[in-house]
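Me: Could you take a close look at one part of this fold for me, and then walk outward from there to the rest of the chain? I'd like one connected answer rather than a list.

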Amino acid sequence: MDNLTFIIGVIGNIISVLMFLSPVGTFRRIVKNGSTEEFDSLPYICTLLNSSLWTYYGIIKPGSYLVSTVNGFGVIVETVYIALFIQFAHTKMRNRTAILAGVLNVGISGTTLLLAQFFLHGQMRINVIGFMSTGLNIIMYSSPLGVMKTVVTTKSVESMPFLLSFFFFLNGGVWTLYAVLVADWFLGVPNGMGLFLGAVQLIIYAIYRNPNSSKQIIEDLEQADQTERLLPPSSNPTQE
């Protein structure tokens, strides 16, 4: 069982690294165009805060080093993303991103870690950080809900990167299995939710990934309806 848990944990680390790197294409586009366009910085800010707490959780909880290693990597990557976002966003979005990052990633994160380190001890420290990490993990997985609404409204997947949704789905599934094996429900609950929301995102992406085809189908149906209206109604002979 220990070997299986370790293997699943390593697989989870690999998938999580890929998940953290999945927005690279998005940021390559941002750098190339010199604009953040319709992309939102909130998912990256939430992910940075979440990764910071999970890194600390993995450090203070015995046997959870696989949690701390991958989330430590996430802290570095998300910091780079936010820095690029601030550099290329328009003034209003740049200010909003800087304020949110300062409040959440510096103020709240720093205060939480300092209080936990100096005023909490043993299992109490683990439980408090675990509960906070679980809540923020749920926020991380649910943060693309606004983007999903945009996709449904505009019938375009431009603002919802496929790789990010795909790795959310895989990441949630693997870490849910890992949580079951180690009986860690702080990991299990949010990642189970991530598995579900990732599946929903993939379904939405599959529906709206080719808007031109959808428009063509609608136009064909409308044309068929108009043609049918131009045809004379069929008459049934009456028998006397």
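Reply: Let's start with the buried side of helix 6: Arg125, Ile126, Ile129, Gly130, Ser133, Thr134, Leu136, Asn137, Met140, Tyr141 and Ser142 are the residues of this helix that count as buried. This is a predicted model, so keep that in mind throughout. The buried set mixes side chains, with Ile126, Ile129, Leu136 and Met140 in it along with Arg125 and Asn137. What covers these residues? The cover includes helix 3, helix 5 (91-119), helix 7 (145-154), helix 8 (162-182) and helix 9 (185-208). As for the helix itself, it runs over residues 122-142, which makes 21 residues. From first C-alpha to last, helix 6 reaches 31 Å, close to the 30 Å expected at 1.5 Å a residue.

Now step back to the whole chain. It has 10 helices and zero strands, so the pattern along the sequence is simply α-α-α-α-α-α-α-α-α-α. Of its 240 residues, 42% count as buried. If you take contacts between residues at least 6 apart in sequence, 77% of them join residues at least 24 apart. One pair to look at here is aspartate 2 and valine 182: they sit 180 residues apart in sequence, yet their C-alpha atoms are 9.0 Å apart in space. Aspartate 2 belongs to helix 1, and with a relative accessible area of 67% it is exposed.

Helix 3 is part of the cover over helix 6, and it's worth a stop of its own. It spans residues 42-60 and holds serine 52. Is serine 52 buried or exposed? Its relative accessible area is 16%, so it falls under the 20% cut-off and counts as buried. Leaving aside residues up to four places away in sequence, serine 52 touches Val75 and Ser109.

The salt bridges come next, and there are three of them. Aspartate 184 pairs with lysine 61, the closest N and O atoms being 2.9 Å apart. That one ties together distant parts of the chain: aspartate 184 is in the loop between helix 8 and helix 9, lysine 61 is in the loop between helix 3 and helix 4, and the two are 123 residues apart. The partners differ in cover: aspartate 184 is buried at 3% relative accessible area, whereas lysine 61 is partly exposed at 22%.

Arginine 96 and aspartate 40 make another salt bridge, with 3.1 Å between the closest N and O atoms. Here too the pair links distant parts of the chain, with arginine 96 in helix 5 and aspartate 40 in the loop between helix 2 (24-33) and helix 3, 56 residues apart. Both ends are partly exposed, arginine 96 at 35% and aspartate 40 at 29%. The remaining bridge joins the side chains of glutamate 37 and arginine 29, at 2.5 Å from N to O. Glutamate 37 is partly exposed with a relative accessible area of 29%, and arginine 29 counts as partly exposed as well, at 30%.

Then there's the outside. The chain exposes about 13500 Å², and carbon and sulfur atoms supply 67% of that. On this surface, Phe6, Ile7, Ile11 and Tyr65 form a nonpolar patch with about 380 Å² of accessible area together. Which helix gives the most to the nonpolar patch? That's helix 1 (residues 2-21), with three residues. Tyrosine 65 is also in the patch, and its place is in helix 4 (residues 65-88). At 47% relative accessible area, tyrosine 65 is partly exposed.

Last, a word on the annotation. An unreviewed UniProt entry marks residues 6-27, 65-86, 98-120, 126-148, 160-181 and 187-208 as "transmembrane region". How do those stretches look in the model? Take residues 65-86: the span is 100% helix and 0% strand, and its end C-alpha atoms lie 32 Å apart. Residues 187-208 are likewise 100% helix and 0% strand, with 32 Å between the end C-alpha atoms.

Key. Residues are numbered from 1 along each chain as its sequence is written. This is a predicted model: local features need pLDDT of at least 70, side-chain atom pairs count only at pLDDT 80 or more; totals for chains, interfaces and linings use all residues. Side-chain values use heavy atoms; hydrogens and water are left out. Helices (H or I, at least four residues) and strands (E, at least two) are DSSP runs, numbered from the N terminus. Buried means under 20% relative accessible area, exposed over 50%, partly exposed in between (1.4 Å probe, protein chains only). Contact means heavy atoms within 4.5 Å. The expected span of a helix is 1.5 Å times one less than its number of residues. Accessible areas come from the Shrake-Rupley method with a 1.4 Å probe; for residues, only the protein chains shown count as cover. Patches are made of residues with over 30% relative accessible area and no salt bridge: like charges are joined within 9 Å, nonpolar side chains (Val, Leu, Ile, Met, Phe, Trp, Tyr) within 5 Å. A salt bridge is a side-chain nitrogen of Lys or Arg within 4 Å of a carboxyl oxygen of Asp or Glu. UniProt positions are given in the numbering used here, feature names are shortened, and annotations may be inferred rather than shown by experiment.
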